[in-house]
Structure formats: C-alpha cells, structure tokens
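Take a walk through a structure, one part at a time. Keep the sequence and the 3D view open as you read.

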Amino acid sequence: MNQDFDADVIVVGSGALGSNAAFELAKLGKSVIILEAGEHIPRWKIVENFRNSSNKGNYNSPYPNEPWAHHSYDEQYIENTGSFEFRPGMLKLVGGTTWHWAAACWRYLPNDMKLNTLYGVGRDWPLEYSELEPYYVRAEIALGVCGSDTQDQSGQGGGAFPPRSSPYPMAPEGDTYLFQRLRERMGPAGYHFIHEPNGRATEPYDGRPACSGNNNCMPVCPIGAMYSGDVHARHAEQAGAKLITDATAYKLEKGADDKIVAIHYRSSTGADVRLTAKYFIVAAHGLETPKLLLISEVANSSDQVGRNLMDHTGQGLQFIADEPL
Amino acid sequence: MITRRKLLYSGAALTGAGLFAPLWAGVALAQEVSSAARDDVESFRQLSMFLLERPSLDAALSLRILAQCTQNDPEFPQKMKALWSKVGQHHLRSVGQLSGSPFYRDPVIKDTTQKIVSAWYLGYTGTPVSLRATDGTRLVTFTGALAYQPTADATVIPTYSRGKTNYWVNPPATLAND
C-alpha cells in the first residue's frame with residue numbers, strides 16, 4: 001500500500017468504462033479509489049420503480065435524480081441554446097448509463113476506420129482494426145457478449161466478417177418467430193438479415209443468469225442477464241478497489257509540473273474532500289468528462305475538449321406486416 | 001394483509017354509506033378517495049364499461065382513474081356525467097354509435113371520452129412529456145393496463161417472464177387463430 005498517496009489510481013465514474021478500468025488495475029494489485037456522484041441502488045428497486053412509473057417510455061424515469069446527481073433529463077441539467085434539443089439519456093448511479101443501454105455490441109469494421117481513404121469523408125483512425133482487435137476480444141469477454149462467428153456483419157452476405165482472433169464468448173440467442181419470418185421474407189429481396197451481437201447472456205455468465213425473455217432490456221433488465229456497469233463496479237470492489245458514492249468530483253488539481261496531483265470532490269452533505277493519487281482516470285461520460293476537464297483547466301492543449309460532441313445516432317424502420325407476427 | 005387495492009375496493013363498495021373518511025389510510029389515499037363523490041363513482045364505472053365495451057371492470061381502478069382525472073380537472077365529474085347522460089338520451093348501444101354521432105364533434109365530449117379510454121388502456125392518466133424528469137402523468141396500474149390484453153397470448157408484460165432462454169423461437173400457440 002502506497003503511503004504517500006491516497007491511492008495509486010483514482011477513477012472518476014463507476015460506469016462500464018471506469019469500473020472495468022478499476023477492476024483491471026485492482027487485479028494487478030494497484031490501490032484504486034472510484035468516485036461516483038450517485039448512489040448504489042439494487043436492481044430490484046429499479047425494477048419496482050419501473051413498474052410503478054407512470055411514464056414507462058421515459059428510460060430515465062426508474063433511476064435516481066438527486067439535486068447533486070441529476071440524470072440528464074432533469075430540467076436543471078442541460079441548457080440547450082441551439083435549434084437542436086440535445087438530451088441524451090445519461091444516468092448517475094453506481095454502474096452508470098449501461099443500466100439502460102440495450103447492449104448492442106457491434107465492432108467497428110476495418111473499413112469504418114479508413115473513412116477518408118476509402119470514402120473521401122471524415123478522417124481515418126490513427127490505428128488499424130488489427131491493432132484494436134485484441135481489445136475487442138477482451139471487452140467481449142468482460143461484457144459477456146453473444147454473437148455469431150459465421151455471419152458477415154458488414155451485411156454483404158459474404159463469409160465471417162470482421163476478422164476475429166477469438167470466438168464470441170457465447171452463442172447467439174435463437175431467432176424470435178418475428179425474426180424468422182423477417183429473414184424468410186426479406187432474404188429474397190436481397191436483404192441479409194443478421195444477428196446483432198449483444199451483451200445479453202445466453203447461458204449463465206460471470207454471475208449473470210441467462211436471458212429468459214423478460215421483454216424489458218430497456219430501461220432495466222430485471223434479472224441482470226444483460227450486461228451493465230454495476231457488474232464491474234462489484235468486481236472492482238471485490239478485487240480491493242474502494243468505491244465512494246455521493247462523491248461529485250469537481251476539480252482536478254495541477255501540481256508544479258502541470259501533472260495532476262489531486263482531485264477534489266463534494267458530497268451532498270457539503271463535505272469537501274481532497275484525494276491524491278499517482279494517476280487519475282476520468283470516465284464520467286461524454287458530458288461530464290469534458291466538463292470536469294474544462295472547469296479544472298487541464299488536458300486541453302488542443303482546445304478540442306468539449307467540442308465535436310456527437311450524440312448517439314440511430315435509424316429505425318417500421319413495417320406493417322401482412323401476416324400475424 | 002390489507003393491500004392498497006383491497007382498501008380501495010372496500011372504499012368503492014362502501015360508497016352507498018359515504019364512508020370515504022380517512023380513517024387510517026395514508027394522506028394520498030384519503031385525497032384520492034374523498035375527491036370522488038359517491039354517485040360519480042358508479043356513473044363513471046358504468047360509463048367506462050360502455051366506452052370499453054366490457055361487461056365488468058375493476059372497481060378499484062375505476063375509482064382511481066376517476067380520482068386522478070378529477071384532480072387534474074375539477075370539472076371532470078360534470079363532463080363525465082354529461083357524456084353518460086348523452087349516451088342515455090340518445091340510446092346509444094356502442095362506442096361506434098358514439099363516435100359516429102354529431103355530438104361527438106364537441107371537443108369536450110371527445111376529450112373526456114379519450115381521457116377515460118386512454119387511462120384504462122395505458123394504465124396512467126395525464127400526458128407524458130419525453131426527455132424530462134417530471135410530467136403530469138400518474139400511474140393507475142401497470143399489469144392491469146388493458147393494452148396488454150390483446151397480445152397477452154404472445155407477448156409477456158415487460159419485466160415478467162414465462163419461459164426460459166430461447167422460448168421465443170417457437171411461434172405463439174395462438175398464431176393459427178390470429
């Protein structure tokens with residue numbers, strides 16, 4: 001145990017990213033502190049909140065919304081000034097927003113990382129798919145992803161793609177009757193209907209039960225078959241990391257050589273605490289991470305922190321079926 | 001054990017005696033119950049059965065919907081009774097006759113009808129506002145929402161389960177009759 005610092009590493013945020021980082025470090029014998037603005041809420045309470053919610057289409061409604069740890073739909077949280085109402089569904093509690101992420105686990109394809117070279121738009125990534133691939137494998141094992149090892153995930157109807165160095169940890173779930181019919185009807189029209197790799201366990205995995213079709217991936221899997229960050233918050237604690245809840249980080253403190261030497265957090269009771277560490281990981285999500293960096297005036301020599309923010313994009317298709325599904 | 005539902009039910013049964021006194025129930029429950037006048041309770045249930053074309057409806061839920069709609073709009077009992085009396089005056093036999101009748105063009109009549117039907121089917125009152133922490137909605141019932149019934153043979157009510165992994169590969173047993 002290091003005597004000169006409060007911890008080797010302090011992680012801000014107990015979501016999927018922060019908790020996995022904390023777990024990996026704790027396994028290596030590092031002393032780790034995780035700071036979480038929200039609280040630990042057991043799954044059954046979230047499920048009960050959902051059942052009692054009068055607005056079930058609001059995926060944040062079953063989750064805590066405290067004055068010191070708002071979820072992102074709170075009127076006090078995001079002030080929009082432009083024409084687009086940007087209001088992504090972030091949560092603040094142990095485990096973070098993967099409590100309601102629906103668990104799609106697509107990899108990028110090799111060509112996704114060469115947009116400029118191949119398609120003349122955007123920028124190429126500074127690394128190749130092959131360099132990233134081993135980390136995809138580790139992430140898929142950590143999250144317990146089920147997927148097809150034989151389908152062409154580029155949708156072109158070819159062989160297994162993208163390349164994999166290791167099979168998916170679990171086999172895909174069986175196709176629903178709806179999917180079977182879609183595949184059969186759309187295939188002849190030239191559409192390749194493929195399985196979406198996802199973080200729902202199809203067999204017992206890492207303490208999680210297999211999916212039993214509870215029809216509620218969003219906003220909470222009632223049985224925890226779907227991966228959420230609370231899994232690794234728990235693993236990190238079991239590996240020795242210290243999780244401090246009700247701890248809103250508000251300042252990264254710079255030392256003499258501009259390296260970060262300490263972090264300051266405040267609790268809902270008003271208590272201010274300063275903690276020191278050799279390293280700090282800010283994993284507080286796409287809004288809170290730049291916010292903390294900007295208010296601390298750190299890590300922004302590029303002047304790009306907080307810029308180029310992009311929401312989660314999505315497309316949907318709706319069909320009216322001519323047969324019962 | 002006396003559940004909230006049973007208590008409400010007993011309250012509804014005792015409407016004739018006017019026993020809506022908040023004897024030992026919680027404040028919220030007392031408000032819910034006392035806001036519904038006794039003759040309104042039975043009118044509302046009869047009107048609901050007509051609008052939903054059902055021979056019976058849960059009395060506790062009926063009381064709850066009436067109370068919540070009344071809290072949202074103090075004029076609701078009058079509007080509801082006016083609608084019910086129109087139905088009687090015109091000897092309407094079905095919702096189809098109601099929605100096809102000239103007086104259904106009256107926005108108050110239409111809005112009142114839709115509020116009632118919506119509360120029974122969706123299981124809440126009020127209008128949801130998306131991407132906000134709060135709105136004016138209030139829960140009436142989760143599993144009792146009538147919208148779940150038409151697909152209950154094939155689709156499980158969210159959060160519950162009635163099978164094991166991959167049960168969904170089989171077509172619904174009732175497919176042939178759909």
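Start with chain B. Of its 178 residues, 37% count as buried. This is a predicted model, so every value here is computed from it. Chain B has seven helices and two strands. Read from the N terminus, its elements run α-α-α-α-α-α-α-β-β. Now look at contacts in chain B between residues at least 6 apart in sequence. Of these, 55% join residues at least 24 apart.

Next, turn to the place where the two chains meet. Chain A brings 32 residues to the contact, and chain B brings 31 residues. Together the chains bury about 2500 Å² between them. Carbon and sulfur atoms account for 54% of that area. Which residues of chain A lose the most area to chain B? They are Arg51(A), Ser54(A) and Tyr177(A). Together they make up 23% of what that side buries.

What holds charges across this contact? The count between chain A and chain B is one salt bridge. Glu85(A) forms it with Arg132(B). Their closest N and O atoms are 2.8 Å apart. Polar contacts also cross the interface, with 16 residue pairs found where both residues have pLDDT 80 or more. Two elements of chain A give two or more residues to the side that touches chain B: helix H2 (43-52) and helix H5 (177-186). H2(A) gives the most, with four residues. By class, this side of chain A has eight nonpolar, 16 polar and eight charged residues.

Stay with H5(A) for a moment. Four of its residues, Tyr177(A), Arg181(A), Leu182(A) and Met186(A), are buried. Where do they sit around the helix? They cover an arc of only 145 degrees around the axis, so they lie on the same side of H5(A). Tyr177(A) should look familiar: it is also one of the residues that lose the most area to chain B.

Now follow the chain into the loop between H5 and helix H6 (230-238) of chain A. Ser212(A) is found there. Is Ser212(A) buried or exposed? Its relative accessible area is 14%, and the cut-off for buried is under 20%. Ser212(A) is therefore buried. Its side chain makes a polar contact with the side chain of Asn214(A), at 2.8 Å. Leaving out residues up to four places away in sequence, Ser212(A) touches Ile223(A) in its own chain. It also touches chain B, at Ser161(B), Gly163(B), Lys164(B), Thr165(B), Tyr167(B) and Trp168(B).

Cys217(A) also lies in the loop between H5 and H6 of chain A. With a relative accessible area of 29%, Cys217(A) is partly exposed, because that class runs from 20% to 50%. Cys217(A) touches Arg200(A) and Met226(A), not counting residues up to four places away in sequence. Look for Ala102(A) too. Cys217(A) and Ala102(A) are 115 residues apart along the chain, but their C-alpha atoms are separated by 5.5 Å.

End at helix H7 (residues 288-296) of chain A. Its buried residues are Glu288(A), Thr289(A), Pro290(A), Leu292(A), Leu293(A) and Ser296(A). What do the buried residues of H7(A) pack against? They pack against strand S1 (7-12), strand S4 (248-254) and strand S6 (272-282) of chain A. Just after H7(A) comes Glu297(A), which takes a positive phi of about 55 degrees.

Key: Residues are numbered from 1 along each chain as its sequence is written. Chains are lettered from A and ligands numbered from 1 in the order in which they are written. This is a predicted model: local features need pLDDT of at least 70, side-chain atom pairs count only at pLDDT 80 or more; totals for chains, interfaces and linings use all residues. Side-chain values use heavy atoms; hydrogens and water are left out. Contact means heavy atoms within 4.5 Å. Buried area is the accessible area (1.4 Å probe) that two parts lose on being put together, summed over both. A salt bridge is a side-chain nitrogen of Lys or Arg within 4 Å of a carboxyl oxygen of Asp or Glu. A polar contact is a pair of N or O atoms within 3.5 Å; within protein, one must be able to donate a hydrogen and the other to accept it, and residues adjacent in sequence count only if both atoms are side-chain atoms. Ala, Val, Leu, Ile, Met, Phe, Trp, Tyr, Cys and Pro count as nonpolar, Asp, Glu, Lys and Arg as charged, and the others, Gly among them, as polar. Buried means under 20% relative accessible area, exposed over 50%, partly exposed in between (1.4 Å probe, protein chains only). The arc is that of the directions from the helix axis to the C-beta atoms.
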